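Q: Can you walk me through this one? I'd like the short version.

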Amino acid sequence: MQAPFRSLFPYFSEQPLSGQSSVYLDSGATSQKLQSVVQAVDDYYSKTTANVHRSQHQLGAGVTAQFEQVRKDIQCFIGAKQPKEVVFTKGATEGLNLIAHGLQDSNLLQQHQTNIVIACSEHHANIVPWQRLAEVCGLQIRVIPVNANGQLDLTTGLSLITPETALVAVAHVSNALGNINPIEAIIEKARVCNALTVIDGTQAVAHMPVNVAQLGCDFYVFSGHKMYGPTGIGVLYGKYALLDALPPYQVGGEMVAAVSFTEGTKYQEPPMKFEAGTPNIAGVLGLGQAIEFLDRNMAAICDYEHTLTEVLVDSLQRLPQIKLWGDLHNKTCAQSITVNGLSPYDLAIALDAKGFALRAGRHCAMPLMEALDIPGTLRVSLGCYNTRQDVLEFVEALRSVIDTYQYEALDSEQSQDQLEAPHSRLSKSSRTDTLNTTNRKTFPLANKIKQAKSWDEKYRQIMLAGKGLTRLTEADKTEGNKVSGCESEVWLSCSWSNNHLKLRGDSTSKIIRGLLAVIFEALENCSPEQLAKFDLPEYLQELQLAKQLSESRGNGLAGVVAKIKQIAE
């Protein structure tokens, strides 16, 4: 099964850079870009640069016409009644904040309305603005729960929407699990109760037809970068009467009709009222190309992605120890999984080393993960450019990684003997100058990692190192001992004893536990002066680990070292 659209994306025609993943399975975070999108952005900057709406010359008039044509194309693409209902934003997040901010100062919220209803599975961007609105306006947040697999409990959700509900916010498609939510029933119940509806369509518009007029929602938002378009551009759809009733989100040039010191300022009508300053013109033109591609090919994209997703789900179900989350039937081409006994963060870094780019963690949906009682998932999110080979190679790589972890578990008794009290083999005198490179050969854990010839062997040595970590008890895993900024949960206990550091740590990630052991090995028995000089990036570079660590993982380790230095001061 060949991907019919793959050749339209330049990413797949280029050889990956050294150390870069070659199989892209993270389209839910951001999609690859169409060549036509890249070309439109390049043409604007290289051939037709001019401002829109305010230039008296032909160049500016031409760009303005292109800019406004994209607005019309989006109107048709999403089924809006008129172009004036389409507002350009930086992305879905700005669109949601625009609505929430405007509602604070409008008369759209009624005095008898006392609550806001939000789905438990929402992205943080569709939770936090409504929490702030609730705080300002004295409203209560009601949460639509999910079942044990992460699907919305529609019966309970509908019962939460009452005549006292001011607003209902829910995603068309769950970004974390890929579920297509039953928004039609939710919108209809909200309409009957005179509650506003805000739909986050970010994960929907690239994978399924959307018609806002048929849905009947009041607002609908999405981002260009998840639909094969540029970053930094998005769309807010709103019914015109509602947009007209909202005050401006930002003020400045272009969104004004008249400005006077004596008579005040008069704003333009929507959508211009919400587009202050020079817009992302190149982004809009690039988005127009993405819209044109999706509008022309949506039926074929849906059929192809459906088949590809069936291959993914069927193949994953054949692997042992795997739990598939969400609705396995009514879904888009994203699938979240967990593997029994293994951290999704560890799985992601192991798969990245094998050339697969995909996302692990809470996916900006912490309330959902808390409801499911899991620390996070490994998410595979496909695009119309992925192939059956991509899917099958990923599943085989995942099988290999799981087998490696199982081997490590079987090998744990031997490794514990190998690593038992690794620091005890070092005399204090040989450890006093831990920052001296010539003495680092006395660090057994670090030395084995440095001598490993391949990433697979380095990975194995890190895993083995973690087995010798002095870990915390459950009682010691307190908020005070938690290290902020880590992608997986990390706890640290640090104290001085007889003028040397006593370090204990723990993490839900086996790789992080191994890295903690390697760092602790270098820092224990340091003097305060030596500790202050310790350079973590330099140390990781020396161990040839810097390239293998994601920015968030590296930042997390930096947070550990910073907290050790702070405590030790």
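What follows is a quick chat about the fold, two helix pairs and a few single residues.

Q: What kind of model is this, and how are residues numbered?
A: It is a predicted model: local features need pLDDT of at least 70, side-chain atom pairs count only at pLDDT 80 or more, and totals for chains, interfaces and linings use all residues. Residues are numbered from 1 along each chain as its sequence is written, and side-chain values use heavy atoms, with hydrogens and water left out.

Q: How many helices and strands does the protein have?
A: There are 20 helices and 17 strands. Both are DSSP runs, numbered from the N terminus: helices are H or I with at least four residues, strands are E with at least two.

Q: How much of the protein is buried?
A: Buried residues make up 54% of the 569 residues. Buried means under 20% relative accessible area, exposed means over 50%, and partly exposed is in between (1.4 Å probe, protein chains only).

Q: And what share of the contacts links residues 24 or more positions apart?
A: Such pairs account for 70% of the contacts with a separation of 6 or more. Contact means heavy atoms within 4.5 Å.

Q: Helices next. At what angle do α2 and α9 pack?
A: Helix α2 (residues 58–78) and helix α9 (residues 281–317) pack at about 35 degrees, with axes 9 Å apart. Axes are lines fitted to C-alpha atoms, for helices over the stretch in contact, and angles run from 0 to 180 degrees between N-to-C directions.

Q: Which residues make that contact between α2 and α9?
A: From α2 they include Val-63, Phe-67, Val-70 and Phe-77. From α9 they include Leu-285, Gly-288, Ile-291 and Met-298. The residues of this α2 and α9 contact divide into twelve nonpolar, two polar and two charged. Ala, Val, Leu, Ile, Met, Phe, Trp, Tyr, Cys and Pro count as nonpolar, Asp, Glu, Lys and Arg as charged, and the others, Gly among them, as polar.

Q: What about α15 and α16: parallel or antiparallel?
A: Roughly antiparallel, because the axes of α15 (residues 444–451) and α16 (residues 455–466) cross at roughly 165 degrees. Angles under 35 degrees count as roughly parallel, over 145 as roughly antiparallel, 65 to 115 as roughly perpendicular and the rest as oblique. The contact uses Leu-445, Lys-448, Ile-449 and Lys-450 of α15, and Lys-458, Gln-461, Ile-462 and Ala-465 of α16. Those residues of α15 and α16 divide into four nonpolar, one polar and three charged.

Q: Switching topic. How many disulfides?
A: Zero. The rule is a pair of cysteine sulfur atoms within 2.5 Å.

Q: Cys-76: buried or exposed?
A: Cys-76 counts as exposed, because its relative accessibility is 57%. Cys-193, at 8%, counts as buried.

Q: Where is Gln-335?
A: Gln-335 lies in strand β12 (residues 334–339). Gln-335 is buried, at 0% relative accessibility. Its contacts beyond four places in sequence include Leu-177, Trp-325 and Arg-379.

Q: Any backbone oddities worth a look?
A: Most residues other than glycine have a negative phi, and most peptide bonds are trans. Here a cis peptide bond joins Pro-270 and Pro-271, with omega about 5 degrees. Pro-271 lies in the loop between β10 (264–267) and α9. Gln-321 has a positive phi of about 75 degrees, and His-363 one of about 60 degrees.

Q: Is His-363 buried or exposed?
A: Buried, at 8% relative accessibility. Gln-321 is partly exposed, at 32%.
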